[in-house]
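Got your viewer open? Let's take a short tour, one selection at a time.

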Amino acid sequence: MQIERTFTGITALGPGNRMAVWVNGCPRNCPGCISPTLRREAPENECDVPEYFSAFAYDDIDGVSISGGEPFYQAAELLSLVSFLRDKGIRDILVYTGYTLEELTAMRDPTVDAILGMIAVLIDGPYIAEQNDDTGNLAGSKNQRIHILDESFRKRYEDYASDKREVQTFNFGSYVLSVGIPTKEYIRNFNENT
Ligand code: SF4
């Protein structure tokens, strides 16, 4: 799987203490895409899913959020990752996708269907800058929908969704990485100062 980065200790992309995974590659070109550097494929980041994710400890991880890029662009590898996480006891798996849920189910792809049957939450649809109204801490624009695919997680996510948007910032010296759903003002300031 082509993976740009994986962080633990993330609280800005779902409830609890989370692992967040960003994959490479997305065939779309949404104006205002918040992750433009992740759109290109990155063969240099290719990794074996079980080997790569065996390096992490899972005891303190409440859930995993997977975004990109487009996670379903690497569907077979995504299924491998979701299966690995469930084997580790992680059921709160949240996947962001630029596809709508209807587009995914219309593919009639057993791999895609298996992923949808194993994850807790899908946040669907491309980011549309004009529809970012600064509300909601899980989706960046109003067209994006939060699908609770495992009902046992509904209350957990409804409680989390009542919180304000949060952005965690990681400073690596040569660059700053922001994690979370930013407000329009945050994006404006970030673009002006980087
Ligand atoms: S689907 Fe997501 S990663 Fe792909 S171009 Fe749109 S906003 Fe960017």
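Start by selecting residues 75–87, which is helix 2, together with residues 110–118, which is helix 4. Their axes come within 9 Å and cross at roughly 30°. Angles under 35 degrees count as roughly parallel, so helix 2 and helix 4 are roughly parallel to each other. Turn the view a little and you'll find that helix 2 passes helix 4 in a left-handed crossing.

Now show the residues that make this contact. On helix 2, pick Ala75, Ala76, Leu78, Leu79, Val82 and Arg86. On helix 4, pick Thr111, Val112, Ala114, Ile115 and Met118. Try colouring them by class: the contact has nine nonpolar residues, one polar and one charged.

Next stop, the ligand. Which of the 14 residues around the ligand come nearest? Select Cys26, Cys30, Cys33, Gly98 and Tyr127, and you have them. Colour the whole shell around the ligand by class and you get six nonpolar, five polar and three charged residues.

Finally, zoom out to the full protein chain, keeping in mind that this is a predicted model. Switch to cartoon view and look for six helices and eight strands. Following the chain along its sequence, they come in the pattern β-β-α-β-α-β-α-α-β-β-α-β-β-α. The radius of gyration is 16 Å, close to the 16 Å that the globule rule gives for 194 residues, so the protein chain is as compact as a globular protein of that length. To check the overall extent, show just the C-alpha trace: along its principal axes it spans about 40 × 35 × 35 Å.

Notes. Residues are numbered from 1 along each chain as its sequence is written. This is a predicted model: local features need pLDDT of at least 70, side-chain atom pairs count only at pLDDT 80 or more; totals for chains, interfaces and linings use all residues. Axes are lines fitted to C-alpha atoms, for helices over the stretch in contact, and angles run from 0 to 180 degrees between N-to-C directions. Helices (H or I, at least four residues) and strands (E, at least two) are DSSP runs, numbered from the N terminus. Angles under 35 degrees count as roughly parallel, over 145 as roughly antiparallel, 65 to 115 as roughly perpendicular and the rest as oblique. A crossing is left-handed if the near helix is turned anticlockwise from the far one by less than a right angle, and right-handed if clockwise. Two residues are in contact if their C-beta atoms, placed from the backbone, lie within 7 Å. Ala, Val, Leu, Ile, Met, Phe, Trp, Tyr, Cys and Pro count as nonpolar, Asp, Glu, Lys and Arg as charged, and the others, Gly among them, as polar. A residue is near a molecule or strand if its C-beta atom, placed from the backbone, lies within 6 Å of it. The radius of gyration is taken over C-alpha atoms; the globule rule is 2.2 Å times the number of residues to the power 0.38.
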